[in-house]
Amino acid sequence: MFKINDNYLKLPGSYLFSTIGKKVAAYTAANPDKEVIKLGIGDVTLPLAPAVIKRLHSAVDEMAVKETFKGYAPDLGYEFLRTTIVENDYKARGCDIAADEIFVSDGAKSDSGNIGDIFAVDNKIAVCDPVYPVYVDTNAMAGRTGVYNPETEKWSDVIYMPCTKENNFVPELPKEEPDIIYLCFPNNPTGTTLDHEEMHQLIQICKKHDLYVLVDEIYRGLYQEESISDLYEKGISTSGLSKVLSTPGLRIGWIKTKDKELIRLINERRDYSIISSGPINDYLGALTLKYSKEILKRNREILEENKCYLKEWLKAHPHLSCVIPKYGTVCFLKYDYKIDSNTFCEKLQEETGVFFVPGCCFDVENHLRFGLANDSQIVKEGLEVFSNWLKKLDTSR
Ligand SMILES: Cc1ncc(COP(=O)(O)O)c(C=O)c1O
């Protein structure tokens, strides 16, 4: 008889992000005349950078000619894309790496999940907390996480490494020894990251215990920060074009590690799923990387403006606080109203059209994830509307 994977069924409820997406869509359908101001977004808000648009047409022209037409990509992904990643994302920061340390995929999210297929089921995982849910959820599907406790919202066989304001968002290293550590830097949802010294301390401990460290670095690169895979033989970084280079729709990501055997295995796994990324996307991805300086400059300017605005805004809102990240593009607003984050966000959205991602999506209450990489006008308008709404909340606390 047909049966569903038990481990899949253990996942707590439907995927919260898609539930939220559905709520926003329902609100838009029910209120066609009202504007939705998305301040929690994970998507981009501005079109492709002009430098890329100008050259995009040449990708189509290449596909029209027999000599340059491309089909499935070879092993690891097209050489032209891997070389461009190496030149623009790594060598530009002084890291001398080879193109065969890169495996091209269809996004950091797929990589974060798919790589688990080549790890043994009895590996013990540790994960920073709070964090983007995909690492724990995909390990749950694989049967590596034990039993879920809906009260604590934790799994019995996962080691959680708290990142709090008190420990400066540096994950507390576990007393119990894991086999693989999953991190996300700059972190989603806090936006915080490790400095050089903190990263080195972490690597020393990992070396001592011979641990693999998988770091989701999809938010890295705006300010040329270090990558774990530059520094540690067993460091695996997942990255891509979706965040700091503003092109999530291309679905291009990559894994970088000095561990050649791991690259071989993950490449072999690709043959059972996506086969390869698409050549037009790869071409556009290479262009995006080639003109990354212009794109990053634009994005840094937007981000800095929004961070300054938020800093000032917070001064007038004593019930909200936030560690504004130096590098990350999201941040985690803490509030001290006695209302759970899901209700808070629902009420705010229903009454004003302003939308944040509730902290409960990351198993943290009394927080809202705020996307800083948004059109500055939208950020200002949204925070003003939010401000007026909070006045009502202040008096009814
Ligand atoms: C931490 C993190 N990793 C990965 C992703 C998705 O990356 P990609 O578009 O490359 O799959 C997201 C998207 O929100 C994210 O927040």
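## Helices α4 and α10

In this predicted model, helix α4 covers residues 79–90 and helix α10 covers residues 279–290. Their axes come within 9 Å. They cross at roughly 15°. Angles under 35 degrees count as roughly parallel, and α4 and α10 are therefore roughly parallel to each other. The crossing of α4 past α10 is left-handed.

Which residues of α4 and α10 make the contact? From α4 come F80, L81, T84, I85, N88 and D89. From α10 come D282, G285, A286, L289 and K290. The residues of this contact are mixed in character: five are nonpolar, three are polar and three are charged.

## Around the ligand

How many residues surround the ligand? The shell holds 13 residues. The closest are G107, A108, K109, G240 and S242. By character, the shell divides into six polar, five nonpolar and two charged residues.

## Overall build

The protein contains 13 helices and 15 strands. Its radius of gyration is 21 Å, close to the 21 Å that the globule rule gives for 397 residues, so the protein is as compact as a globular protein of that length.

What does the C-alpha trace span along its principal axes? The span is about 65 × 55 × 50 Å.

## Cis peptide bonds

Two bonds leading into prolines deserve a look. The peptide bond from D129 to P130 is cis, and its omega is near 10°. P130 sits in the loop between β3 (125–129) and α6 (134–141).

The peptide bond from F185 to P186 is also cis. Here omega is near -15°. Where does P186 lie? P186 is in the loop between β7 (180–184) and α7 (196–209).

## A positive phi

R251 is a residue other than glycine, yet its phi is positive, near 55°. Between which elements is the loop that holds R251? That loop runs between β9 (235–240) and β10 (253–257).

How values were computed:
Residues are numbered from 1 along each chain as its sequence is written. This is a predicted model: local features need pLDDT of at least 70, side-chain atom pairs count only at pLDDT 80 or more; totals for chains, interfaces and linings use all residues. Axes are lines fitted to C-alpha atoms, for helices over the stretch in contact, and angles run from 0 to 180 degrees between N-to-C directions. Helices (H or I, at least four residues) and strands (E, at least two) are DSSP runs, numbered from the N terminus. Angles under 35 degrees count as roughly parallel, over 145 as roughly antiparallel, 65 to 115 as roughly perpendicular and the rest as oblique. A crossing is left-handed if the near helix is turned anticlockwise from the far one by less than a right angle, and right-handed if clockwise. Two residues are in contact if their C-beta atoms, placed from the backbone, lie within 7 Å. Ala, Val, Leu, Ile, Met, Phe, Trp, Tyr, Cys and Pro count as nonpolar, Asp, Glu, Lys and Arg as charged, and the others, Gly among them, as polar. A residue is near a molecule or strand if its C-beta atom, placed from the backbone, lies within 6 Å of it. The radius of gyration is taken over C-alpha atoms; the globule rule is 2.2 Å times the number of residues to the power 0.38.
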